[in-house]
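Me: Could you walk me through this structure, one question at a time?

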There are 2 protein chains.
Amino acid sequence: MSTDATDALIAAAKFDANGLVAAIAQQHDTKEVLMLAWMNRESLRETLATGRAVYYSRSRQELWRKGDTSGHTQRVIDLRLDCDGDAVLLLVDQAGAACHTGQRSCFFTAIRDGALASVGLPA
Amino acid sequence: MSTDATDALIAAAKFDANGLVAAIAQQHDTKEVLMLAWMNRESLRETLATGRAVYYSRSRQELWRKGDTSGHTQRVIDLRLDCDGDAVLLLVDQAGAACHTGQRSCFFTAIRDGALASVGLPA
């Protein structure tokens, strides 16, 4: 990804008071929404430079190169910025589970038959 | 949606310091990611009670019944909570455009040929 285009995208992004934008990861072919995380300028720049999803961990306060520990990396196929610049959508190819629980997607809890239920599938 | 199930979901959600969770809206059949917004307890409760997406507008600091002005309502087919409770995924049936620009999805800006480009489609 060219540096000019990266600079333009980062200039168009509207980072919050903590320097972050929300980042949605979606499996590019099945279109499953996998997870929601956060990115700062540095993680956005590294993601665009390397083609691998890099987030910012708010709990650890550091760059989070997804898959470094788990092997569950995300290859970035495309990256979209939303209309007001405070969220990005990553179209990725997810290796294994996106979720630390081992589920393919983090969004596995729903209401079924009047109670919370797990509707997710393991990776 | 039963009140018990709604209470359980709201109890499982982890609202941030401003009382909000992130909310991703996805078209239920095409799986297109439409927008990212925010919900407080009240908007989550009203969404589950009415089956229509209700967000919380951070700029206007009030409930945002999507479509009240534009007619572009979202009928909620399913609602998922993520593994750490700070984000929800709404599977919706979007009437018209999700985005205030008239685009079907807010995520219409991408990098093409080394520059920012609109890759979205009007609703």
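Below are questions and answers on the fold and the contact between chains, and the model they rest on is a predicted one.

Me: Happy to start simple: how many helices and strands does chain A have?
Reply: Reading along the sequence, the order in chain A is α-β-β-α-β-β-β-β-β-β. Put as totals, that secondary structure comes to two helices and eight strands.

Me: Does the radius of gyration of chain A agree or disagree with that of a compact globule, and what is its value?
Reply: The C-alpha trace of chain A spans about 50 × 30 × 30 Å along its principal axes. For 123 residues a compact globule would have a radius of gyration near 14 Å, so the value for chain A agrees with it: 15 Å.

Me: And what percentage of the residues of chain A count as buried?
Reply: A residue is called buried here if 20 or more other C-beta atoms lie within 10 Å of its own. By that cut-off, the buried portion of the 123 residues in chain A is 40%.

Me: In helix H2 of chain A, which residues are buried, and do they sit on the same side or on opposite sides?
Reply: H2(A) runs over residues 41-50, and its buried residues are Ser43(A), Leu44(A), Thr47(A) and Leu48(A). Around the axis they cover an arc of only 130 degrees, which means that they lie on the same side of H2(A). As a general point, an α-helix has 3.6 residues a turn, so residues three or four places apart point the same way. For these four residues of H2(A), then, the answer is the same side.

Me: What covers those buried residues of H2(A)?
Reply: The cover includes a helix and several strands of chain A. Among the strands are E3 (54-57) and E4 (62-65). Named together, the elements included are H1, E2, E3, E4 and E5 of chain A.

Me: Now to the partner chain: which element gives the largest share of the side of chain A that touches chain B?
Reply: The contact takes 33 residues from chain A and 33 residues from chain B. On the side of chain A, elements giving two or more residues include helix H1 (3-12), strand E1 (21-27) and strand E6 (87-94). The largest share is five residues, and it comes from H1(A).

Me: How do the residues on that side of chain A divide into nonpolar, polar and charged?
Reply: The side in question is the one that touches chain B. Its residues divide into five charged, six polar and 22 nonpolar.

Me: Last one: what is the bridge partner of Ala110(A) in E5(B)?
Reply: E7(A) pairs with strand E5 (residues 74-81) of chain B in the antiparallel sense, over two bridges. In E5(B), the partner of Ala110(A) is Arg80(B).

Key
Residues numbered from 1 in each chain as written. Chains lettered and ligands numbered in written order. Predicted model: local features only at pLDDT ≥ 70, side-chain atom pairs only at ≥ 80, totals over all residues. Contact = placed C-beta atoms within 7 Å. Nonpolar A, V, L, I, M, F, W, Y, C, P; charged D, E, K, R; others polar. Pairing = 2+ DSSP bridges. Rg over C-alpha atoms; globule rule 2.2 N^0.38 Å. Buried ≥ 20, exposed ≤ 12 C-beta atoms within 10 Å, placed from the backbone. Arc of directions from axis to C-beta.
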